[in-house]
Amino acid sequence: MIVNPGKPSMFIEAMLADEKKDHLEGIDFSVTSLLKTPREFQLIRRNKDKLPERPLDNKLATFLGSAVHKAVEQSLQDNENYLIEFRMEFDEEVDGKTVKVAGTCDMYDKVNKRLIDHKTTTTFIYGSELKPEWIEQLNVYAYLLRRLGYPVEQLTINCIYKDWRPTAGKYKEDYPPLPVMEFNFDPWPEDTAEKFYKEKLREHVRCMGADVSVLALCDDTYMWSKPESYAVYRPGASKAIRLLPTRGDAERYIRDKRLTGCQIEHRVGERTKCERYCLAAPFCDQYQKWKLAQEKKLADDVLHEVKVA
């Protein structure tokens with residue numbers, strides 16, 4: 001008989017200990033931080049003692065990813081063909097200012113001149129493993145490795161699908177055939193990678209100490225934005241008949257199509273990265289203004305329903 005099931009305290013403590021590590025100690029930027037927007041990075045850095053606690057599922061995903069890295073490192077640390085968890089540090093001169101940049105690549109295959117990155121993920125992303133941010137990350141690491149004398153001729157992403165099931169592929173066409181798969185691609189030309197790295201670094205350095213009001217806004221792609229819409233639907237139906245950008249469009253659609261028994265549902269916009277994954281969100285005026293606007297629209301919906309009633 002199970003009594004009082006709940007969070008396993010020792011497991012939670014282990015995750016918290018891993019999360020409390022300051023990965024920027026002694027440096028100004030990591031490769032990972034350079035791939036954030038200056039707005040997100042600066043807000044996190046300036047409010048590091050007031051950051052909100054991440055949801056448990058986010059912590060667990062990070063913890064499991066770290067566990068995979070540590071297991072690979074432990075298993076292959078004596079294999080001379082690989083550099084494992086290889087840390088690189090550089091003092092960079094940008095606009096008369098010296099900053100320290102560091103990055104740790106997962107694995108470098110000396111024999112095949114291949115840079116490898118491990119990603120613990122879910123089967124949901126199958127078919128989209130070459131995410132733009134992952135490609136950028138590996139190309140920056142490749143550029144830094146070349147500066148240390150290690151040639152890079154191929155890039156590889158190893159995906160570990162933590163929710164993979166052997167029978168699931170029988171019922172889904174877009175399902176990985178194996179629980180672990182590698183995806184290979186060519187690195188950018190060296191001058192392209194160098195230009196990308198230096199532009200990112202200069203962009204971040206120029207924002208050091210800058211007032212929040214001058215930090216560039218994050219764009220919709222970066223915020224994983226979904227626009228608001230108005231759904232025309234029949235009560236009880238599993239999906240909407242049509243999604244329109246405004247209430248007026250939805251009302252005209254119903255009239256033009258002479259639909260009966262339909263209702264209109266306002267589906268507010270979403271900024272998934274901000275809402276679920278960005279620790280800077282509570283301190284970000286861009287996000288907070290957007291959030292207030294969404295709340296106002298929901299309040300206006302209630303007023304509209306009252307007037308219609």
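Ala, Val, Leu, Ile, Met, Phe, Trp, Tyr, Cys and Pro count here as nonpolar, Asp, Glu, Lys and Arg as charged, and the others, Gly among them, as polar. Keep that split in mind for the cavity below. One caveat before anything else: this is a predicted model.

**The overall picture**

The protein has 9 helices and 11 strands. Its C-alpha atoms fill a box of roughly 75 × 55 × 50 Å, taken along the principal axes. Of the 309 residues, 37% count as buried.

**The cavity**

How many cavities of 30 Å³ or more are there? The count comes to 1 cavity. The largest cavity has a volume of about 120 Å³, and 14 residues line it. Closest to its centre sit C218, M223, C274, C278 and C284. Sorted by the classes above, the lining breaks down into 10 nonpolar residues, 1 polar and 3 charged.

Which helices take part in this lining? At least two residues each come from α3 (38–46), α8 (272–277) and α9 (285–308). It's α3 that gives the most, with 3 residues.

Staying with α8 and α9 for a moment, the loop between them holds A281. A281 has a relative accessible area of 7%, so it is buried. If you look for the other end of a long stretch of chain, P8 is 273 residues away from A281 along the sequence, and the C-alpha atoms of the two are separated by 29 Å.

**A three-stranded sheet**

Now for an open sheet of 3 strands, which runs in the order β9-β8-β10 with antiparallel pairing. The edge strands, β9 (242–244) and β10 (263–267), each pair on one side only. From one strand to the next, the twist averages 30 degrees.

Strand β8 covers residues 229–233 and pairs with β9 over 3 bridges, in the antiparallel sense. In that pairing, Y230 has L244 of β9 as its bridge partner. On the β10 side, β8 makes 5 bridges, again antiparallel, and there A231 stands opposite E265. Is β8 mostly covered or uncovered? Mostly covered: 4 of its 5 residues are buried.

**β5 and β6**

Another antiparallel pair is formed by β5 (residues 154–161) and β6, joined over 6 bridges. Within it, C159 stands opposite M181 in β6.

Strand β6 (residues 180–185) has two faces you can tell apart by eye: M181, F183 and F185 make up the covered one, while V180, E182 and N184 make up the uncovered one. Why would covered and uncovered residues take turns like this? Because in a regular strand the side chains alternate between the two faces of the sheet.

**Cysteines and other buried spots**

So what about disulfides? A search of the whole structure finds 0 of them. Take C159: the nearest cysteine sulfur, that of C105, is 17 Å away. A disulfide needs two cysteine sulfur atoms within 2.5 Å, so this pair does not qualify.

Several residues fall under the 20% cut-off for relative accessible area and therefore count as buried. Here are four of them, with their values:

| Residue | Relative accessible area |
|---|---|
| C159 | 0% |
| A281 | 7% |
| R146 | 17% |
| C262 | 18% |

C159, then, has a relative accessible area of 0%, while C262 at 18% still counts as buried. The charged entry in the table, R146, is buried too, with 17%. R146 is found in helix α5 (residues 132–147). Its C-alpha atom is separated by 8.7 Å from that of E190, a residue 44 positions apart from R146 along the chain.

**Putting it together**

Looking back over the model, the cavity has a lining with 10 nonpolar residues and draws on α3, α8 and α9. The β9-β8-β10 sheet is antiparallel, with a mostly covered β8. The β5 and β6 strands pair over 6 bridges, with the buried C159 set opposite M181.

Key
Residues are numbered from 1 along each chain as its sequence is written. This is a predicted model: local features need pLDDT of at least 70, side-chain atom pairs count only at pLDDT 80 or more; totals for chains, interfaces and linings use all residues. Side-chain values use heavy atoms; hydrogens and water are left out. Buried means under 20% relative accessible area, exposed over 50%, partly exposed in between (1.4 Å probe, protein chains only). On a 1 Å grid over the protein atoms alone, a cavity is a set of points where a 1.4 Å probe fits but cannot get out, and a pocket is an open set with protein on both sides within 12 Å along at least five of seven lines; lining residues have an atom within 4 Å of a point. Grid points are joined across faces, edges and corners, and a volume is the space filled by probe spheres set on the points. Two strands pair if DSSP finds at least two bridges between them. Axes are lines fitted to C-alpha atoms, for helices over the stretch in contact, and angles run from 0 to 180 degrees between N-to-C directions.
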